[in-house]
Structures are given as structure tokens and as C-alpha cells.
Amino acid sequence: MHFSIPETEVRSGENGSTYVAYNIHVNGVLHCRVRYSQLLGLHEQIKKEYGSNVVPAFPPKKIFTLTPAEVEQRREQLEKYMQNIFYVL
């Protein structure tokens, strides 16, 4: 099974604010669009189940709005995380 995050989208939230959605593909097919916070929640659940010493590091949270370059860097980090987590578990 191959996980990738080939692109991101800027989406509007319920209150009119915007956020970045990461398009997760499994074996080349779009599976879902998720926010960073949802992936962080998944990471926390996996750490509880398997222990923090088994789970790869998760890309850090930023306080300020990300620049386009930072969004791309986070996309790459999240993609690597998703690929690594599959092999660890």
C-alpha cells in the first residue's frame, strides 16, 4: 500500500476562515482530504496504542499562518510520515 499527499487545497471553514487541506492518496487514488489537526489527532491515537518510542516524529505545529513554502514543506513531511507509519505498524 502506498500513501502520498501530492497536493494541498485552501478551503473555507464554517466561520469563513481558511485552512489547508491535505489530499491523501492511497495507491494513487484520492482517499480523503484532511486538516493538519486531524492527522495530529491520528498521530496521538497511534502513540497511545503503540507507544511513542515506536511511532515516527510528527511535523511540528506552527503558531502563525504558513507561507506557501512552509505549506509545501509540511506536505512533504506529512507524506513521509504517512509512508513511515505504514511500515512501522
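Which residues is L39 in contact with, leaving aside its neighbours within four places in sequence? In this predicted model, the answer is I24, V34, F58, L78 and M82. That set of contacts is a handy way into the structure, since L39 is listed among the core residues that touch the most other members. From there, the tour below goes through the core, the sheet, a buried histidine, the salt bridges and the end of helix 2.

**The nonpolar core**

- The largest nonpolar core has 15 residues.
- Within this core, I5, I24, L39, F58, L78, Y81 and M82 touch the most other members.
- Four elements give two or more residues each to the core: strand 1 (3–12), strand 2 (18–26), helix 1 (36–50) and helix 2 (68–88).
- Helix 2 supplies four residues, the largest share of this core.
- Coming back to the opening question, the partners of L39 include I24, F58, L78 and M82, and these four also appear among the residues with the most contacts to other core members.

**The sheet and the helices that pack on it**

- Three strands form an open sheet in the order 1-2-3, and their pairing is antiparallel.
- Strand 1 and strand 3 (29–35) each have a single partner strand, so they stand at the edges and one side of each is left without a neighbour in the sheet.
- On average, neighbouring strands are turned by 30 degrees against each other, with direction ignored.
- Eight bridges link strand 1 and strand 2, which pair in the antiparallel sense.
- To see one of these pairings in the model, look for S4, whose bridge partner in strand 2 is H25.
- Helix 1 packs on the sheet and touches strand 2 and strand 3. The direction of helix 1 makes about 95 degrees with that of strand 3.
- Helix 2 also packs on the sheet, where it touches strand 1 and strand 2. The direction of helix 2 makes about 135 degrees with that of strand 1.

**A buried histidine in helix 1**

- H43 is found in helix 1.
- Is H43 buried or exposed? H43 counts as buried because its relative accessibility is 6%, and the cut-off for buried is under 20%.
- The side chains of H43 and Y81 are joined by a polar contact of 2.7 Å.
- Not counting residues up to four places away in sequence, H43 touches V55, P56, F58 and Y81.
- Two of these partners, F58 and Y81, are also listed among the core residues that touch the most other members.

**Salt bridges**

- Side chains of opposite charge can pair when their charged atoms come close.
- How many salt bridges does a search of the whole structure find? The search finds five.
- In helix 1, K47 and E44 lie three residues apart, about one turn of the helix. Their side chains meet in a salt bridge at 3.7 Å, N to O.
- K47 counts as partly exposed, with 27% relative accessibility, and E44 counts as partly exposed too, with 35%.
- In helix 2, R75 forms a salt bridge with E72, and the closest N and O atoms are 2.7 Å apart. R75 and E72 are three residues apart, about one turn of the helix.
- R75 also meets E79 through a salt bridge between their side chains, at 3.8 Å, N to O.
- E79 and R75 are separated by about one helical turn because they are four residues apart in helix 2.
- R75 counts as buried at 11% relative accessibility, and E79 counts as buried at 19%, whereas E72 counts as partly exposed at 34%.
- Elsewhere, a network of salt bridges links E9, R11 and R33.

**After helix 2**

- Where is L89 placed? L89 sits in the segment after helix 2.
- With 43% relative accessibility, L89 counts as partly exposed.
- Leaving aside neighbours within four places in sequence, L89 is in contact with I46 and Y50.
- L89 and Y50 are 39 residues apart along the chain, and their C-alpha atoms are separated by 8.4 Å.

Note on methods:
Residues are numbered from 1 along each chain as its sequence is written. This is a predicted model: local features need pLDDT of at least 70, side-chain atom pairs count only at pLDDT 80 or more; totals for chains, interfaces and linings use all residues. Side-chain values use heavy atoms; hydrogens and water are left out. A nonpolar core is a set of buried Ala, Val, Leu, Ile, Met, Phe, Trp, Tyr and Cys residues joined through side-chain atoms within 4.5 Å. Buried means under 20% relative accessible area, exposed over 50%, partly exposed in between (1.4 Å probe, protein chains only). Contact means heavy atoms within 4.5 Å. A polar contact is a pair of N or O atoms within 3.5 Å; within protein, one must be able to donate a hydrogen and the other to accept it, and residues adjacent in sequence count only if both atoms are side-chain atoms. Two strands pair if DSSP finds at least two bridges between them. Axes are lines fitted to C-alpha atoms, for helices over the stretch in contact, and angles run from 0 to 180 degrees between N-to-C directions. A salt bridge is a side-chain nitrogen of Lys or Arg within 4 Å of a carboxyl oxygen of Asp or Glu.
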